[in-house]
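Let's take a friendly tour of a protein model. Keep the sequence and the 3D view side by side as you read.

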Amino acid sequence: MTSDRLTFKEMCAAFDVTPRTLRYYEYIELLQPDREGRSRFYGPRERARMKLILRGRKFGFQLEDIRQWLLIYENEGTDVQMRKWITLADEQLEQLAEERAQLEEAIRELKKLRDDTASVLKD
C-alpha cells in the first residue's frame with residue numbers, strides 16, 4: 001500500500017466516522033474507493049470528497065444535495081460546480097436563518113415560562 005491511500009479502518013479513524021457511515025456513503029455513491037479483493041483503499045480524491053461531505057453535513061445539507069453537487073464537478077467542471085455551490089449556499093443560509101429565528105422564539109418562550117414558574121414558587 002502506498003502512503004497516499006488509507007485503508008477502510010484508517011479512513012474511519014481519520015474522519016471520525018463509523019464503519020456504517022463510511023459504507024453508507026459508498027452505497028449512495030458519494031465515495032468510490034479502490035478495491036483490491038475485499039479490501040478498500042481511499043486515495044486523495046476520496047479523502048477530498050469526504051472532507052466536502054462532512055463539511056456539507058455540518059452546514060445542514062442533505063446527502064442527496066451533496067451527491068448531486070459532487071456529480072456536477074465530474075460531469076461539468078469546476079465553474080459550474082462553484083455556481084451551483086453559491087446557489088445551494090444561499091438556499092441553506094436562508095434555511096438556517098429561519099431555523100435560528102424559530103430557535104430564538106422557542107428560547108424566549110421557554111425563558112418566560114421558566115421565569116413565570118419560578119415566580120409562582122417564590123410567592
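The report below looks at charged pairs, aromatic rings and a charged surface patch.

This is a predicted model, in which local features need pLDDT of at least 70 and side-chain atom pairs count only at pLDDT 80 or more, while totals for chains, interfaces and linings use all residues. Residues are numbered from 1 along each chain as its sequence is written, and side-chain values use heavy atoms, with hydrogens and water left out.

**Charged pairs**

Side chains of opposite charge can pair when their charged atoms come close. Here a salt bridge is a side-chain nitrogen of Lys or Arg within 4 Å of a carboxyl oxygen of Asp or Glu. The whole structure holds 11 salt bridges, including those in this table.

| Positive partner | Negative partner | Closest N to O |
|---|---|---|
| Arginine 35 | Glutamate 26 | 3.2 Å |
| Lysine 112 | Aspartate 116 | 2.9 Å |
| Arginine 114 | Aspartate 115 | 3.3 Å |

How open to the surroundings are these residues? A residue is buried under 20% relative accessible area, exposed over 50% and partly exposed in between (1.4 Å probe, protein chains only). Glutamate 26 is buried because its relative accessibility is 10%. Lysine 112 is exposed at 52%, and aspartate 116 is partly exposed at 38%. These two lie 4 residues apart in helix α5, so about one helical turn separates them. Helices are DSSP runs (H or I, at least four residues), numbered from the N terminus. In the remaining pair of the table, arginine 114 is exposed at 54% and aspartate 115 is partly exposed at 44%. Elsewhere, Arg45, Glu46, Arg49 and Glu74 are joined into one network by salt bridges that share partners.

**Aromatic rings**

The structure has 3 aromatic pairs. Rings of Phe, Tyr and Trp (its six-membered ring) pair if their centres lie within 6.5 Å; planes under 30 degrees apart are stacked, over 60 edge-to-face, and the rest tilted. One of the pairs joins tryptophan 69 and tryptophan 85, tilted with 5.5 Å centre to centre and 50 degrees between the planes. Tryptophan 69 sits in helix α4 (residues 63-76) and tryptophan 85 in helix α5, 16 residues apart, so the pair links distant parts of the chain. Tryptophan 69 is buried at 14%, whereas tryptophan 85 is partly exposed at 32%. Together with Phe61, Trp69 and Trp85 form one aromatic cluster.

**A negative patch**

On the surface, Asp65, Asp90, Glu91, Glu94, Glu98 and Glu99 gather in a patch of negative charge. Patch residues have over 30% relative accessible area and no salt bridge, with like charges joined within 9 Å. Helix α5 (residues 78-122) gives the largest share, 5 residues. Glutamate 99 lies in helix α5 and is partly exposed at 35%.

Definitions and conventions. Patch = residues over 30% accessible without salt bridge, like charges linked within 9 Å, V, L, I, M, F, W, Y side chains within 5 Å. Areas by Shrake-Rupley, 256 points an atom, 1.4 Å probe, with all protein chains shown as cover. Lys, Arg positive; Asp, Glu negative; His and termini not counted. Charge placed at Lys NZ, Arg CZ, Asp CG, Glu CD.
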